[in-house]
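Reader: I've got a model open on my screen and I'd like to learn how to read it. Could you walk me through it?

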Amino acid sequence: IRLEQDLKIALQDEQFEVYYQPKINIHTRQCTGAEALVRWRHPVNGFVSPDAFVPVCEETGLIIELGAWILRTACIKTRELQEQGYPGLNVAVNISAVQFTDGGLLPMVVRALEESGLASELLELEITESAVMHDPEEVILSLHELSEHGMKLAIDDFGTGYSSLAYLKRFPVNTLKIDRAFITDISSDNDDVAIVEAVLGLGKHFNMKVVAEGVEDEEQLNFLKAQGCDIAQGYFISKPLSSEQYNHWLERWP
Ligand code: G
Ligand code: G
Ligand code: MN
Ligand code: NA
């Protein structure tokens, strides 16, 4: 109850912040953009993990308002970066299942793009497999509408959810994000190697980009490069950064 009340106050008091975790093209090393990740700075308890408050926002419906704010903030930031000399950077924003079934997702996204002036091609929406399978028919409609407006779509945590690979044939998916659980032991675990190879093969067949998440060392990055993976994200490249830190990081990278 306390948490729910605090979250409502947090929305009014602007206690949320959007952080950005850079992604790079493994072959050129250039930054391709970032994933937006929400942070909550509680006035008493300090930073609260999204794992603790995002589910509460989903249960209470607060995620609709919070999600719209995150999306608008991320689009405005990315548009500002264009004016600061980084024209090609995209931004990936996590969308929860509740936002998909609410019905207002498309107008909300269109408004954020209009308000920010960001090109729709530079916005990628990340959804999990479980969100997709929650209501496949409704989500398929939604994804097609978004895709027709030019937004990119990514399946997050790919390989960890209960899902049918058949949806890849029917969904306008642009990107698969390999969950970090499969990357952690990639240098030593043959099972994980096989899983990553299989995802890369699917990506190639369906003409989708593949992003490896949770890349924590150079050995993992080199392995992914050798396998033909396009894009990497993880602590080895950068942890999630505040808006200001993201600018500093871009100035110094590579
Ligand atoms: O940011 P962390 O780095 O701690 O994120 C943990 C989890 O919280 C992510 O895997 C994701 O599921 C969720 N999360 C983080 N940021 C957002 C966001 O902006 N929107 C939604 N819906 N979930 C988020
Ligand atoms: O589920 P999603 O991919 O949206 O969640 C991203 C989460 O993963 C965030 O909590 C982020 O802080 C975390 N993360 C990002 N890079 C790494 C990494 O290299 N290692 C680990 N352990 N976690 C990471
Ligand atoms: Mn994500
Ligand atoms: Na993920």
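Author: Sure, let's start in the middle. Keep in mind that this is a predicted model. The largest nonpolar core has 65 residues, and the ones with the most contacts inside it are Ala36, Val91, Val93, Leu123, Leu125, Ile178 and Ala232. Helix α3 (residues 62–83) gives this core its largest share, 7 residues.

Reader: What does one of those core residues touch, say alanine 232?

Author: When you look at contacts, set aside the neighbours in sequence. Not counting residues up to four places away, alanine 232 touches Lys23, Ile24, Ile26, Ala212, Val215, Leu221, Leu224 and Ile237.

Reader: How do I read burial for a whole element, and why is strand β4 said to be largely enclosed?

Author: Here you count neighbours: a residue is buried if 20 or more other C-beta atoms lie within 10 Å of its own. In strand β4 (residues 90–94), 4 of the 5 residues are buried, so the strand is largely enclosed by the rest of the structure.

Reader: Which strands does β4 pair with, and in what sense?

Author: For pairing, look at the bridges and the direction. Strand β2 (residues 31–42) pairs with β4 in the parallel sense, over 4 bridges. Strand β5 (residues 123–128) also runs parallel to β4, joined by 4 bridges. You can follow this at valine 91: it is the bridge partner of alanine 34, and it stands opposite leucine 123 in β5.

Reader: Now the ligands. What surrounds ligand 1?

Author: List the shell, then sort it by class. Around ligand 1 you'll find Ala36, Leu37, Val38, Ser49, Pro50, Asp51, Val54, Ile70, Asn94, Ser96 and Pro240. By class that gives 7 nonpolar, 3 polar and 1 charged residues. As for where they come from, β2 and α2 (50–60) each supply at least two residues of this shell.

Reader: And how many residues surround ligand 2?

Author: There are 13, the closest being Asn94, Gly214, Glu216, Gly234 and Tyr235. The shell around ligand 2 divides into 4 nonpolar, 4 polar and 5 charged residues. Asn94 is listed for ligand 1 as well.

Reader: Let me zoom out. How many helices and strands are there, and why can the chain be called as compact as a globular protein of its length?

Author: The chain comes to 11 helices and 9 strands. For compactness, you compare the radius of gyration with a rule for the chain length. Here the radius is 18 Å, close to the 18 Å that the globule rule gives for 254 residues, so the chain is as compact as a globular protein of that length. Along its principal axes, the C-alpha trace spans about 50 × 45 × 35 Å. Of the 254 residues, 38% count as buried. Among contacts with a separation of 6 or more, residues 24 or more positions apart account for 66%.

Reader: Is aspartate 191 buried or exposed?

Author: Use the other end of that neighbour count, where 12 or fewer means exposed. Aspartate 191 has 9 C-beta neighbours inside 10 Å, so it counts as exposed. This residue lies in helix α9 (residues 190–205). From C-alpha to C-alpha, aspartate 191 is 30 Å from alanine 36, with their positions 155 residues apart in sequence.

Reader: What about glycine 150, and what is it in contact with?

Author: Glycine 150 sits in the loop between α7 (136–148) and β6. With 12 C-beta neighbours inside 10 Å, it counts as exposed. Leaving aside neighbours within four places in sequence, its contacts are Ser120 and Glu121. Glutamate 121 is 29 residues away in sequence, but the C-alpha atoms of the two are 5.3 Å apart.

Reader: Last thing: which backbone angles should I check?

Author: Check phi for sign and omega for cis bonds. Arginine 29 isn't a glycine, yet its phi is positive, near 70 degrees. You'll find arginine 29 in the loop between β1 (16–25) and β2, and it counts as exposed, with 12 C-beta neighbours inside 10 Å. Aspartate 157 also has a positive phi, of about 55 degrees; this one lies in strand β6 (residues 152–158) and is partly exposed, with 18 other C-beta atoms within 10 Å. For omega, go to the peptide bond from tryptophan 253 to proline 254: it is cis, with omega near 5 degrees. Proline 254 belongs to the segment after α11 (243–252).

How values were computed:
Residues numbered from 1 in each chain as written. Chains lettered and ligands numbered in written order. Predicted model: local features only at pLDDT ≥ 70, side-chain atom pairs only at ≥ 80, totals over all residues. Near = placed C-beta within 6 Å. Nonpolar A, V, L, I, M, F, W, Y, C, P; charged D, E, K, R; others polar. Core = buried A, V, L, I, M, F, W, Y, C linked by C-beta atoms within 7 Å. Contact = placed C-beta atoms within 7 Å. Pairing = 2+ DSSP bridges. Rg over C-alpha atoms; globule rule 2.2 N^0.38 Å.
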